[in-house]
Amino acid sequence: MISIKDINVVFGKGTPLEKRALNGVSLTLEQGSFVTVIGSNGAGKSTLLGVLAGDVLASQGNVLIGDTDVTRKKTAARAGLVARVFQDPLTGSCGSLSIEENLALAARRGKRRGLVAALGPKHRDHFRDRIRELNLGLENRMADRMDLLSGGQRQAVCLVMATLAGSQVLLLDEHTAALDPGMAEFVMRLTDKIVSERRLTTLMVTHSMRQALDYGHRTVMLHGGEIVLDVSGDSRKDLQVEDLIAMFRKMRGQTLDDDALLIG
Ligand SMILES: Nc1ncnc2c1ncn2[C@@H]1O[C@H](COP(=O)(O)OP(=O)(O)OP(=O)(O)O)[C@@H](O)[C@H]1O
């Protein structure tokens, strides 16, 4: 479960560049709920994920993950609670390490014992089994460096990595945006499977209105650092991509030049 209450984030406070990125945002997600987050550029989506991951400390408000108040805990201190997959497949893993070593590092996230302990035969078998489930043939390439994989293969491995340390929260920051449409669909189906099988509490930022409505149970729209739409259940089922685009237009007070960018 995630509960954030009345979160304010101000960057560059007291400087000419002061920017209020989040303004009194409150959100509660039950364990296992999958929420898609949309909003135009600069709306505050990444800042919201940063507040949950610990990269961004709120100037006001509280963040609870499960029963733990993590408001003042930095990223490393909440690493065992939160897993994150980024847009750039190179960000969430180490290209110069093998698939197996990356998995071993991910399995130790938030724990004290090092890489050697996580590369014992039992763990290796487990890693190979988990990678085999992807059906990408990567179980035969466990010693290959991560930077030899395609972007999609790498994101798929990152998703497996995100589940290895037992985190209950998964943050997805436009994690399919850099992939071709076929691979993006594969990674989304995999995401859906992992989230539902493991009952992960998930926030997924996307610029694709289609993805935002097709996946998850609830959709939240941010604008100017505030939640301006929060839909689930029947009212979400009735929503069409065109409705979301119309809301974007209204929020931005202008016509979008290229709807295809949003529909994608
Ligand atoms: N570290 C920072 N220092 C100063 N300003 C920042 C910082 N991070 C974000 N901002 C500003 O805060 C606002 C919200 O940024 P954020 O990255 O959360 O938006 P976003 O909704 O994720 O946008 P995008 O869709 O473009 O990724 C923007 O105006 C941005 O310029």
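These are my notebook entries on two helices and one sheet in a predicted model.

**Entry: the helix pair**

I looked up helix H2 (residues 99-107) and helix H4 (residues 151-163). Their axes come within 8 Å and cross at roughly 30 degrees. Angles under 35 degrees count as roughly parallel. I therefore put H2 and H4 down as roughly parallel to each other. I also noted the hand of the crossing: it is right-handed.

Which residues meet between H2 and H4? On the H2 side I listed Ile 99, Asn 102, Leu 103 and Ala 106. On the H4 side I listed Val 157, Val 160 and Met 161. I then sorted the residues of this contact by type. Six are nonpolar, one is polar and none is charged.

**Entry: the sheet**

Next I traced the strands. I found an open sheet of six strands with mixed pairing. Its order reads E6-E7-E8-E3-E9-E10. Which strands form the edges? They are strand E6 (82-85) and strand E10 (226-232), and each pairs on one side only. I looked up the turn between neighbouring strands too. On average it is 20 degrees, with direction ignored.

**Entry: E6 and its partner**

I went back to the edge strand E6. E6 pairs with strand E7 (residues 169-173) in the parallel sense, over four bridges. I picked out one position here: Val 85 stands opposite Leu 172 in E7.

**Entry: where helix and sheet meet**

Last, I asked which strands H4 lies across. They are E6 and E7. H4 runs at about 175 degrees to E6. So H4 touches on both topics of these notes: H4 crosses H2, and H4 lies across two strands of the sheet, E6 and E7.

Conventions:
Residues numbered from 1 in each chain as written. Predicted model: local features only at pLDDT ≥ 70, side-chain atom pairs only at ≥ 80, totals over all residues. Axes fitted to C-alpha atoms, helices over the stretch in contact; angles between N-to-C directions. Parallel < 35°, antiparallel > 145°, perpendicular 65-115°, else oblique. Left-handed = near helix turned anticlockwise from the far one by under 90°. Contact = placed C-beta atoms within 7 Å. Nonpolar A, V, L, I, M, F, W, Y, C, P; charged D, E, K, R; others polar. Pairing = 2+ DSSP bridges.
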